[in-house]
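Please open the model in a viewer that allows selection by residue number. The tour below moves from one selection to the next and states what is found at each stop.

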Amino acid sequence: MERKLAAILCADVFGYSRLMGDDEEATLHTLTSQRKLIDSAIEQHHGRFVNSAGDSVLAEFASVVEAVNCAVEVQAGLKVENASFAPERRMEFRIGVNLGDVMVEGDRSTGMG
């Protein structure tokens, strides 16, 4: 099995279950809007969207510098978007970046995160 070195960006929403419990429709609307910002940043920083489940995002980058720059850009953009929400309705993403070996099977990378 082929292996390669990759930077992996993982993101999820802090307090997502509480937000959904308070107002599902508003939470999904906000998540959709903020995912557009995240997906755009991943593309601009030469990343590859890998997977998403609920409020999480997993992306792969050839460069750890690009992954970290993407994370910083996302956090700055989300800060601006969140400014218009009441504190209890803000959607704050936790973002981590990991550099390590991933296994490659066709178009899929596994063993990341």
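Helices (H or I, at least four residues) and strands (E, at least two) are taken as DSSP runs and numbered from the N terminus. The model is predicted, so local features need pLDDT of at least 70 and side-chain atom pairs count only at pLDDT 80 or more, while totals for chains, interfaces and linings use all residues. Residues are numbered from 1 along each chain as its sequence is written, and side-chain values use heavy atoms, with hydrogens and water left out.

**Stop 1: the loop before strand 2**

Select His46, which is found in the loop between helix 2 and strand 2 (48–53). Its phi is positive, about 60°, although His46 is not a glycine. In general, most residues other than glycine have a negative phi. Is His46 buried or exposed? With a relative accessibility of 63%, His46 counts as exposed; the classes are buried for under 20% relative accessible area, exposed for over 50%, and partly exposed in between (1.4 Å probe, protein chains only).

**Stop 2: helix 3**

Next, select residues 64–82, which form helix 3. At 1.5 Å a residue, these 19 residues should span 27 Å, and the end C-alpha atoms are indeed 27 Å apart; the expected span is 1.5 Å times one less than the number of residues. Now colour Ala67, Cys70, Ala71, Val74, Gly77, Leu78 and Asn82, the buried residues of helix 3. Viewed down the axis of helix 3, these buried residues fall within an arc of 140°, so they line one face of the helix; the arc is that of the directions from the helix axis to the C-beta atoms. An α-helix has 3.6 residues a turn, so residues three or four places apart point the same way.

What covers the buried residues of helix 3? The covering elements include strand 1 (2–14), helix 2 (24–44), strand 3 (56–61) and strand 4 (92–105), where contact means heavy atoms within 4.5 Å.

Rotate to the face turned away from the buried side of helix 3, which carries the exposed residues Val65, Val72, Lys79 and Val80. Lys79 has a relative accessibility of 66%. The C-alpha atoms of Lys79 and Met91 are separated by 9.3 Å, the two residues being 12 apart along the chain.

At the N-terminal end of helix 3, Ser63 acts as a cap, with a side-chain oxygen 3.2 Å from the backbone nitrogen of Val65.

**Stop 3: the nonpolar core**

Select Leu9, Val13, Ile42, Phe61, Cys70 and Phe93, the residues with the most contacts inside the largest nonpolar core, which has 20 residues. Such a core is a set of buried Ala, Val, Leu, Ile, Met, Phe, Trp, Tyr and Cys residues joined through side-chain atoms within 4.5 Å. Two or more residues of this core are given by each of strand 1, helix 1 (16–22), helix 2, strand 3 and helix 3. Helix 3 supplies the largest share, 5 residues.

Centre the view on Val13. Leaving aside residues up to four places away in sequence, Val13 touches Leu19, Leu31, Asp55, Met91, Glu92, Phe93 and Arg94.

**Stop 4: the salt bridges**

The model has 5 salt bridges, each a side-chain nitrogen of Lys or Arg within 4 Å of a carboxyl oxygen of Asp or Glu.

Begin with Glu60 in strand 3, which is buried at 5% relative accessibility. Its side chain and that of Lys4 meet in a salt bridge (2.7 Å, N to O). Glu60 lies in strand 3 and Lys4 in strand 1, so the pair ties together parts that are 56 residues apart in sequence. Lys4 is partly exposed, with a relative accessible area of 31%. Adding Arg48 to the selection completes a network of salt bridges that links Lys4, Arg48 and Glu60.

Move to Asp12 and Arg94, whose closest N and O atoms are 2.7 Å apart in a salt bridge. Asp12 lies in strand 1 and Arg94 in strand 4, so this pair ties together parts that are 82 residues apart in sequence. Asp12 is partly exposed at 23% relative accessibility, and Arg94 is partly exposed at 43%.

Finish with Arg35 and Asp39, a salt bridge with its closest N and O atoms 3.0 Å apart. The two residues are 4 apart in helix 2, a separation of about one helical turn. Arg35 counts as buried at 16% relative accessibility, whereas Asp39 counts as partly exposed at 31%.

Terms used: A polar contact is a pair of N or O atoms within 3.5 Å; within protein, one must be able to donate a hydrogen and the other to accept it, and residues adjacent in sequence count only if both atoms are side-chain atoms.
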